[in-house]
Amino acid sequence: MELKKCLASSLMLTIAMLTTALGAFVGVNIGTDVSDLPSASKLVDILKANQITHVRLYDANAQFLRALSNSGIDVTVGVTNEEVLKIGESPSVAAAWVNKNVVAYLPSTNITAIAVGSEVLSTIPNVAPVLIPALNSIHKALVAANLHSRVKVSTPQSMDVIPKPFPPSTATFDSSWNSTMYQLLQFLKNTNSSYMLNAYPYYGYTKGDGLFPIEYALFKPLPSVKQIVDPNTLFHYNSMLDAMVDATYYSIDALHFSGIPVVVTETGWPWIGGANEPDATVENAETYNNNLLQRVLNDSGPPSQPNIPINTYIYELFNEDKRNGPISEKNWGIFYPNGSTVYPLSLSTSDSLTGNSASVFCVAKDGASTDKLEDGLNWACGQGQANCAALQPGKQCYLPNNLKSHASYAFNDYYQKSHGAGGTCDFNGTATTTTRDPSYGSCLYTGSSSSISGLTFPPTALGPSSPDHGASWNLQVSTLQYILSAIVVFVAMLVL
């Protein structure tokens, strides 16, 4: 028995390592309540032009699925809330749905997941009794088509199913849904699928009655006196999104499940709001989504699960102006239908700055607040993932040993590495860009023409911009997914 436990633990560690090796991704949701929705082929052109490699559809739109053929783009198709009831009541309806909307398009359209409904438990609770039967029937239909290893099944839930998400360590699912959630987690565990989470710090902040600062919702550095800490674990949370994801992991653990990764199927920030929605601004939306990109693409997880990346889908591609509700509800899009961006946003890593390709540097401003500089330095060397080794005593950039010099080095290292993914040179107003190389003596700033950097090959070099390379990359990912599935089955056999 001890040998089995040891082998199982080793294999689960291997799974974590392989999952991390695949790297995190940021995809985009595509809603269709748009007055001037572009054609399916134009839409795919927009995705390719911006090297978007993962999309989620809210239904199984036949035109989109055909247009996505041979694009190399990973596709999550959706079962609408209206369809869940019939599918949950009839396995034959589920089989027909899978044959029509999945089998018919594979393998040319790279369908990798099915999202069954959207926030069913919190929006249409009367359908909850057939939600798990719907998942099971769709999975069985995939098994019959021998696609269950390639196409995973789950159902997106909102944060509403976790009534008290902070502190994360004490979070649990709403007890009224315990039976359904237990069955859902058992299904996800058995099928090696992910828990789909719709997480919106925008609502967490605007409905939080001032409990948390807006910087926390926008991934901005927090001053030392405002650090968000879980009193039970002493984990520091640098963003509300991390706390939401961790609250979900702890809620899963409270029902005695583990090893189920959380994927964020929706998150974003509206850029226009009504008079009573002052936080829905272009500036906040740009800040949130660019910082989100930087956060996700560093391939780390939340404090309790640091080795499990937070794969994420931004809500959403276009404004859905035909939606009901407040003004903000219609203005989450990151692109206009003509393909231009609403605000500057880098959705790929192909233009990230590396080594001697940069001629713009990020340095601390003269006269900047000491407290803000210190907060910025701590954030850059911590959450910002800047390499601050050169600032240690005895190292090449330790002298002059003053805050402005150290902050400049850290700010610049962060900026050079993250600018291509949306990172900015601001640091709460304490930083500015310059074309003057701040290097001195043996202290060479990242991006200096004197620097020597290793070659990097961004993931998008194997992306959908080249159909052959895209197919090759997706084949590698699919192969690893099959390996992961086989390992999970083997682990289950060992434990049992």
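A salt bridge, for this talk, is a side-chain nitrogen of Lys or Arg within 4 Å of a carboxyl oxygen of Asp or Glu. Keep that in mind. One more thing before we start: this is a predicted model.

Let's go to the charged pairs. Side chains of opposite charge can pair when their charged atoms come close. How many salt bridges does a search of the whole structure find? The search gives 6.

Take aspartate 242 and arginine 295. Their side chains meet in a salt bridge, at 2.7 Å from N to O. Aspartate 242 sits in helix 11, residues 240-254, and arginine 295 sits in helix 12, residues 282-296, so this pair ties together parts that are 53 residues apart in sequence. Are these two residues buried or exposed? Aspartate 242 is buried, and arginine 295 is buried too.

Next, a small network. Glutamate 320 and arginine 323 form a salt bridge through their side chains, at 4.0 Å from N to O. Arginine 323 also forms a salt bridge with glutamate 329. There, the closest N and O atoms are 2.9 Å apart. Because these salt bridges share partners, Glu320, Arg323 and Glu329 join into one network. How accessible is each member? Glutamate 320 has a relative accessible area of 3%, so it is buried, given that buried means under 20%. Glutamate 329 is buried as well, with a relative accessible area of 16%. Arginine 323 counts as partly exposed, at 26% relative accessibility.

Now the cysteines. A disulfide is a covalent bond between the sulfur atoms of two cysteines. How many disulfides does the structure hold? There are 3.

Start with cysteine 362 and cysteine 425. Their sulfur atoms are 2.1 Å apart, and they form a disulfide. The torsion about the S-S bond is about 85°, so this disulfide is right-handed. Where are the two ends? Cysteine 362 is in strand 12, residues 361-364. Cysteine 425 is in the loop between helix 14 (403-418) and strand 13 (431-434). The pair links distant parts of the chain, 63 residues apart. Both cysteine 362 and cysteine 425 are buried.

Move on to cysteine 381 and cysteine 388. They form a disulfide with sulfur atoms 2.0 Å apart. Which hand does this link have? The torsion about the S-S bond is -90°, and the link is left-handed. Cysteine 381 counts as partly exposed, at 32% relative accessibility. Cysteine 388 is buried, with a relative accessible area of 11%.

Then there is cysteine 397, joined to cysteine 443 by a disulfide, S to S 1.9 Å. With 105° about the S-S bond, this link is right-handed. Cysteine 397 lies in the loop between helix 13 (370-381) and helix 14. Cysteine 443 lies in the loop between strand 13 and helix 15 (467-495). Again the pair links distant parts of the chain, 46 residues apart. At 2% relative accessibility, cysteine 397 counts as buried. Cysteine 443 is buried too, with a relative accessible area of 0%.

How do the pairs interleave? Number the bonded cysteines of the chain in sequence order, and the pairing reads 1-5, 2-3, 4-6.

Last topic: the sheet. Strands of a sheet pair through backbone hydrogen bonds, either parallel or antiparallel. Which sense do we have here? It is an open sheet of 9 strands, with parallel pairing. The order is 5-4-3-2-1-11-10-7-6. The edge strands are strand 5 (152-154) and strand 6 (157-158), and each pairs on one side only.

Look closer at one pairing. Strand 7, residues 195-198, and strand 10, residues 262-267, pair in the parallel sense over 4 bridges. Within that pairing, tyrosine 195 has valine 262 in strand 10 as its bridge partner.

Which helices go with the sheet? One is helix 7, residues 131-144, which packs on it. Helix 7 touches strand 3 (74-79), strand 4 (111-116), strand 5 and strand 6. Its direction makes about 155° with that of strand 4. Another is helix 11, lying across strand 7 and strand 10. Helix 11 runs at about 135° to strand 10. We have met helix 11 already: it holds aspartate 242, the partner of arginine 295 in helix 12.

Notes
Residues are numbered from 1 along each chain as its sequence is written. This is a predicted model: local features need pLDDT of at least 70, side-chain atom pairs count only at pLDDT 80 or more; totals for chains, interfaces and linings use all residues. Side-chain values use heavy atoms; hydrogens and water are left out. Helices (H or I, at least four residues) and strands (E, at least two) are DSSP runs, numbered from the N terminus. Buried means under 20% relative accessible area, exposed over 50%, partly exposed in between (1.4 Å probe, protein chains only). A disulfide is a pair of cysteine sulfur atoms within 2.5 Å. Two strands pair if DSSP finds at least two bridges between them. Contact means heavy atoms within 4.5 Å. Axes are lines fitted to C-alpha atoms, for helices over the stretch in contact, and angles run from 0 to 180 degrees between N-to-C directions.
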